[in-house]
Amino acid sequence: MTPRLAEIWVYLAATPLLGLTLTLVAYQAAHWLYRRAGMNPWANPVAIAVAIIIFLLWLTNTPYRRYFEGAQFVHFLLGPATVALALPLYAQMQRLLRMAGPLSLALLAGSLTAVGSAMATGALFGASSATIMSLAPKSVTTPIAMGIAEKIGGLPSLTAVLVVTTGILGAVMGRSILNLLRVEDPAVRGFATGVAAHGIGTARAFQESEVAGAFSALAMGLNGVLTAVLLPYLVHLFSRL
Amino acid sequence: MLAALTILLLFQLLGEILVQWLGLPVPGPVLGMIFLFLALAWRGGPSEELRQTSNTLLQHLSLLFVPAGAGITVHFARLGDEWLPILLSVLVSTVLTIAVTSLVLRFLLRHRKTEEA
């Protein structure tokens, strides 16, 4: 770099502009690739965008903390976006009320499976206690999961990463698993995706259909609440095994 | 768009205040979502503006997870040590959760349909 360029870099690196712009550019590049790949779930835009950002942070030797100073504006929108999920829920209200009983039972089964199998598999293969506690809430959307992790002795920032990984995996594999099981009802497909893979799964479900998206959004919201309430008790139980 | 964004933020704020005040285990935005849902039910649906703004936000829901995902850089050391249990845990749990939830729900819905018939 010439001295002049280096000066500009030092100036820009200190402002939030760079982190924010990088996030938006990386995501749009990833989304362009995703569309080019015919919206194939394997070309997951979150995974690609994260990979681009990691590479550029590594290349420019930028610490994550500095990147996040800009990216936090995007991260912050998770809050209002969660509130906005009320709209697809409202649009499906009649169906939701009609299916309330089965949905509650399926939610309970799915939520317990998510937490139990994550903790058990982690423990079985020798994960440390802090890692197991960070894994436990990984099926729940980021802001909720981070809050839970903090309460039960996990690492909130690690949980955030595991949440995103889970969401990507769920969005990538969901279609194949559901096709394999011959699950056809879009409401059922969406609901299962939302319980397992929160917002990233929901984004994918909205691409399958409006109904799948709404049920995924519902499942994501309900699972967030249920896990937040249940997990502290489950952890207590787990620690006594 | 501005009015709609304000509404969303107000509901989130309402949720956060109640969570802090009452010490609830639920995160503020989730409570805000529940309140907005109730408000929509009471009012008989969203305004066109709120509908459009929410659509825009939800269409790009994936984008909002990107900053948290890039946080993986902070945890490379731990992931290096524990990558196998972490990967297996996330993989097994995600597959099982999708399978169990969808099969239970399908079973219950079918069961109910045959009962009604």
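I'll start with one helix pair in chain A. Val163(A), Val164(A), Thr166(A), Gly167(A), Ile168(A), Gly170(A), Ala171(A), Gly174(A) and Leu178(A) are the residues that H11(A) brings to its contact with H12(A). On the other side, H12(A) supplies Arg189(A), Ala192(A), Thr193(A), Ala196(A), Ala197(A), His198(A), Gly199(A), Ile200(A), Gly201(A) and Arg204(A). Sorted by class, the contact of H11(A) with H12(A) has nine nonpolar, eight polar and two charged residues.

Keep in mind that this is a predicted model.

Now the geometry of that pair. Two packed helices are described by the angle between their axes and the distance between the axes. Here, helix H11 of chain A covers residues 156-180 and helix H12 of chain A covers residues 186-208; their axes come within 7 Å and cross at roughly 130°. Parallel, antiparallel, perpendicular or oblique: which word fits H11(A) and H12(A)? Oblique, because an angle counts as roughly antiparallel over 145 degrees and as roughly perpendicular from 65 to 115, and roughly 130° is in neither range. As for hand, H11(A) and H12(A) make a left-handed crossing.

Stepping back to chain A as a whole. The domain assignment divides chain A into domain 1, residues 3-76, and domain 2, residues 82-239. Between the C-alpha centres of these two domains of chain A there are 26 Å. Their contact takes six residues from domain 1 of chain A and nine residues from domain 2 of chain A. On the domain 1 side, five of the residues are nonpolar, one is polar and none is charged.

Next, chain B. It also has two assigned domains, domain 1 at 1-59 and domain 2 at 75-117. The C-alpha centres of the two domains of chain B lie 29 Å apart.

How many residues does each chain put into the contact between chains A and B? Chain B gives 64 residues and chain A gives 91 residues. On the chain B side, the elements giving two or more residues are H1, helix H2 (28-43), helix H3 (48-59), helix H4 (66-70) and H5. H5(B) has the largest share, with 27 residues. By class, this side of chain B has 44 nonpolar, 15 polar and five charged residues.

Last, confidence. Chain B averages a pLDDT of 90, and 95% of the residues score at least 70. Within chain B, helix H1 (residues 2-22) is where confidence is highest, at 94, while helix H5 (residues 76-116) is where confidence is lowest, at a mean of 90. For the complex, the predictor gives an ipTM of 0.88 and a pTM of 0.87.

Key: Residues numbered from 1 in each chain as written. Chains lettered and ligands numbered in written order. Predicted model: local features only at pLDDT ≥ 70, side-chain atom pairs only at ≥ 80, totals over all residues. pLDDT = per-residue confidence, 0-100. Helix = DSSP H or I, 4+ residues; strand = E, 2+ residues; numbered from the N terminus. Axes fitted to C-alpha atoms, helices over the stretch in contact; angles between N-to-C directions. Parallel < 35°, antiparallel > 145°, perpendicular 65-115°, else oblique. Left-handed = near helix turned anticlockwise from the far one by under 90°. Contact = placed C-beta atoms within 7 Å. Nonpolar A, V, L, I, M, F, W, Y, C, P; charged D, E, K, R; others polar. Domains from an automatic or database assignment.
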